[in-house]
Amino acid sequence: MIIKQIKLSQKDKERLIRLKSKTGIANWNVLCRWALCFSLSEPTMPAPEGVAADSNLEMSWMVFGGEYQEIYTALIKQRCIHDGLNTERETLQQQFRLHLHRGISYLSATNYIRNIDELILRASEKIRR
């Protein structure tokens, strides 16, 4: 477990609300998983910025990862190693938050994702790269 409780920024919550309406994906955790994976697929590290936790949108690590939580933990650890970072808990938590925030930003960019079909199309394009 990387983090016990995930609390998102108000800005990210608003972005996820728009994504929910565009994609029809009803669960926050599912959208957050997509966002994390989109960010992890980028070759660059996310900008080391402060990410606010000022919304009322919270979920536990168990809810975020579900039955795949160990895979998400391994993905974050591997990405830290790839980026030359340590894999101490604090670093994993920070990188998880940064990647989640960046992924939500990517997915909610204007007209990047307009429906569920485009989300799947964008994901398949990333796989082919």
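**Entry 1: a loop residue**

Before anything else, a note to self: helices and strands here are DSSP runs, with at least four residues for a helix and at least two for a strand, numbered from the N terminus. With that in hand, I looked up Ala47, and it sits in the loop between α2 and β2 (58-60). I should keep in mind that this is a predicted model.

Is Ala47 buried, exposed or partly exposed? I got 44% relative accessibility for Ala47. Partly exposed runs between the 20% and 50% cut-offs, so Ala47 counts as partly exposed. I also checked Ala47 against Leu31, 16 residues away along the chain, and their C-alpha atoms are 21 Å apart.

**Entry 2: α2 against α5**

Two packed helices are described by the angle between their axes and the distance between those axes. I looked up both for this pair: the axes of α2 and α5 come within 7 Å and cross at roughly 100°. Angles of 65 to 115 degrees count as roughly perpendicular, so α2 is roughly perpendicular to α5.

Next I wanted to know which residues meet there. On the α2 side I noted Leu31, Cys32, Trp34, Ala35, Leu36, Phe38, Ser39 and Leu40. Facing them from α5 are Phe96, His99, Leu100, Arg102, Gly103, Ile104 and Leu107. Sorted by type, the residues of this contact come out as 11 nonpolar, 3 polar and 1 charged.

**Entry 3: two more residues in α5**

I stayed with α5, which covers residues 89-107, and picked Gln93. Its relative accessible area is 19%. Buried means under 20%, so Gln93 just makes the list as buried. Leaving out residues up to four places away in sequence, Gln93 touches Ile2 and Ile3.

Thr91 is also in helix α5. Thr91 has 14% relative accessibility, so I put it down as buried too. With the same kind of neighbours left out, up to four places away, Thr91 touches Cys80, Leu85 and Asn86.

**Entry 4: the largest pocket**

Rolling a probe the size of a water molecule over the atoms shows where empty space is left. How much space lies in the largest pocket? I noted about 400 Å³. The lining has 16 residues, and the closest to the pocket's centre are Cys37, Phe38, Leu40, Ser41 and Leu75.

Then I asked which helices supply at least two lining residues each. They are α2 (28-40), α4 (69-82) and α6 (116-128). The biggest share comes from α2, with 6 residues. By type, the lining divides into 10 nonpolar, 2 polar and 4 charged residues.

Notes: Residues numbered from 1 in each chain as written. Predicted model: local features only at pLDDT ≥ 70, side-chain atom pairs only at ≥ 80, totals over all residues. Heavy atoms only, no water. Buried < 20%, exposed > 50% of the residue type's maximum accessible area, 1.4 Å probe, protein only. Contact = heavy atoms within 4.5 Å. 1 Å grid on protein atoms, 1.4 Å probe; cavity = no way out; pocket = protein on both sides within 12 Å on 5 of 7 lines; lining within 4 Å. Points joined across faces, edges and corners; volume = space filled by probe spheres on them. Nonpolar A, V, L, I, M, F, W, Y, C, P; charged D, E, K, R; others polar. Axes fitted to C-alpha atoms, helices over the stretch in contact; angles between N-to-C directions. Parallel < 35°, antiparallel > 145°, perpendicular 65-115°, else oblique.
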